[in-house]
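Hi,

Here is the structure I promised to pass on. Have a look at it first, and then read my notes underneath.

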Amino acid sequence: MNSTAMRVIRWFLGAVASVLLLLLGVVAWGVSSCTQNTKTPHAPDVDRVAGAPEVGAAQRTAVRDVEAAYTALEQSLGGRAERRGEAVSDVCGAMLKRPSFFGEGGGRWSKVRCEREIVRAYVLDGPRATHATIVADALTAAGWSRPGADFVDPGTSPCPAPAPSTPRTPSTQVVHEYACIIEATLPSRVSLHAQFSDQDPLPYFSSRLRPTDARSTTGTITDFDVHSVTNTPRAAGSSVVIVSVLDPYFQQ
């Protein structure tokens, strides 16, 4: 093989090696960039925020405001309401916002938010339409705001007067019933959601707390036992209301 052929072969092999090295570099850069972009950022120190003096002061105010809302509600119902169950959620948390639905990492954390929610269930001495009207009038008199788009008037068809009922037992079959819901808000940010029923309530009542991926370990969470209502017989003609009062008392 002459020298010219050898030079061509060496040049060709050098070019191939250069292309391979370039491709390897591009692949390495892509892997490195992908790893950096999908690395999940560190969660905020939610416990530190929850333990701050100003958050503690806001939380104590929220405890007072939520309880005041329930006191006024129970006073409006007089002695016609028997409390059957309660859940308490008082937590601070943050949510991880990922760049895409299918993303495995990356993204950014939302600001830390603290909320207090109390859910209570009552058995009412009488039909739901009567009590919904009483509650709606009491909320209006107390200065609560009820947005027209979300408010269900107790006198309209979604909240009709009930048919004659029989004592409820766990084995009694439940048929479909339209929701009778009242929503209201105070200027101080406290909001109320009341769901009235002549039949037994659904076995699950959704919390209105915002979802979190990082939650304070110092928070309070007590589950709501809906079976305290559904599995306990109640008088003929009675009804049920499940109420949620929510106060988002701090946001970073």
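**What I found**

I started with Phe-196: leaving out residues up to four places away in sequence, it touches Leu-124, Arg-128, His-131, Ala-132, Val-135, Cys-180, Ile-182, Val-240 and Val-241. Before you go further, keep in mind that this is a predicted model.

Phe-196 also turns up in the largest nonpolar core, which has 24 residues. Together with Tyr-70, Val-243 and Val-245, Phe-196 touches the most other members of that core. At least two core residues come from each of helix 3 (53-77), strand 4 (113-124), helix 4 (128-141), strand 5 (180-185), strand 6 (191-197) and strand 9 (239-251). Helix 3 gives the largest share, with five residues. There is a second, separate core too, with 16 residues, among them Val-46, Ala-50, Cys-114 and Phe-250.

For the overall layout, the chain has five helices and nine strands. In sequence order they run α-α-α-β-β-β-β-α-β-β-β-β-α-β. Of the 252 residues, 36% are buried. If you take the contacts with a separation of 6 or more, 81% of them are between residues 24 or more positions apart. The exposed area of the chain is about 14600 Å², and 60% of that is supplied by carbon and sulfur atoms.

Now the cysteines. How many disulfides does a search of the whole structure find? It finds one. The partners are Cys-92 and Cys-114, with their sulfur atoms 2.0 Å apart. Cys-92 sits in strand 1 (residues 81-94) and Cys-114 in strand 4, so the bond ties together parts that are 22 residues apart in sequence. The torsion about the S-S bond of Cys-92 and Cys-114 is about 105 degrees, which means the disulfide is right-handed. Are the two cysteines buried or exposed? Both Cys-92 and Cys-114 are buried.

Ala-50 links up with this part of the story. It lies in helix 2 (residues 46-50), and Cys-92 is one of its contacts, along with Val-55, Ser-216 and Thr-218, once neighbours within four places in sequence are set aside. Ala-50 has a relative accessible area of 19%; the cut-off for buried is under 20%, so Ala-50 counts as buried. Its C-alpha atom is separated by 9.2 Å from that of Thr-217, although the two residues are 167 apart along the chain.

Strand 1 also holds Ser-89, which is buried with a relative accessible area of 14%. Neighbours within four places aside, Ser-89 is in contact with Glu-115, Arg-116, Glu-117, Leu-209, Thr-220 and Ile-221.

Two more spots involve residues far along the sequence or in a loop. Ser-110 is in the loop between strand 3 (108-109) and strand 4. At 18% relative accessibility, Ser-110 falls under the 20% limit and so counts as buried. Ser-110 touches Ala-94, Met-95 and Lys-97, again without residues up to four places away. Gln-251, in strand 9, is partly exposed, with a relative accessible area of 47%. Outside its neighbours within four places, Gln-251 is in contact with Lys-111, Val-112 and Arg-113. The C-alpha atoms of Gln-251 and Ala-94 are separated by 9.9 Å, with their positions 157 residues apart along the chain.

You may want the ring geometry as well. What does the count of aromatic pairs come to? It comes to zero. There is a charge over a ring, though: the charged end of Arg-120 sits over the ring of Tyr-70, 4.3 Å from its centre. That is the Tyr-70 listed above among the core residues touching the most other members.

Last, a backbone detail. Arg-189 has a phi near 90 degrees, a positive value in a residue other than glycine. Arg-189 is found in the loop between strand 5 and strand 6. With 34% relative accessibility, Arg-189 counts as partly exposed.

Cheers

Notes
Residues numbered from 1 in each chain as written. Predicted model: local features only at pLDDT ≥ 70, side-chain atom pairs only at ≥ 80, totals over all residues. Heavy atoms only, no water. Core = buried A, V, L, I, M, F, W, Y, C linked by side-chain atoms within 4.5 Å. Buried < 20%, exposed > 50% of the residue type's maximum accessible area, 1.4 Å probe, protein only. Helix = DSSP H or I, 4+ residues; strand = E, 2+ residues; numbered from the N terminus. Contact = heavy atoms within 4.5 Å. Disulfide = S-S within 2.5 Å. Phe/Tyr/Trp six-rings, centres within 6.5 Å; stacked < 30°, edge-to-face > 60°. Lys NZ or Arg CZ within 6 Å of the ring centre and 35° of its normal. Areas by Shrake-Rupley, 256 points an atom, 1.4 Å probe, with all protein chains shown as cover.
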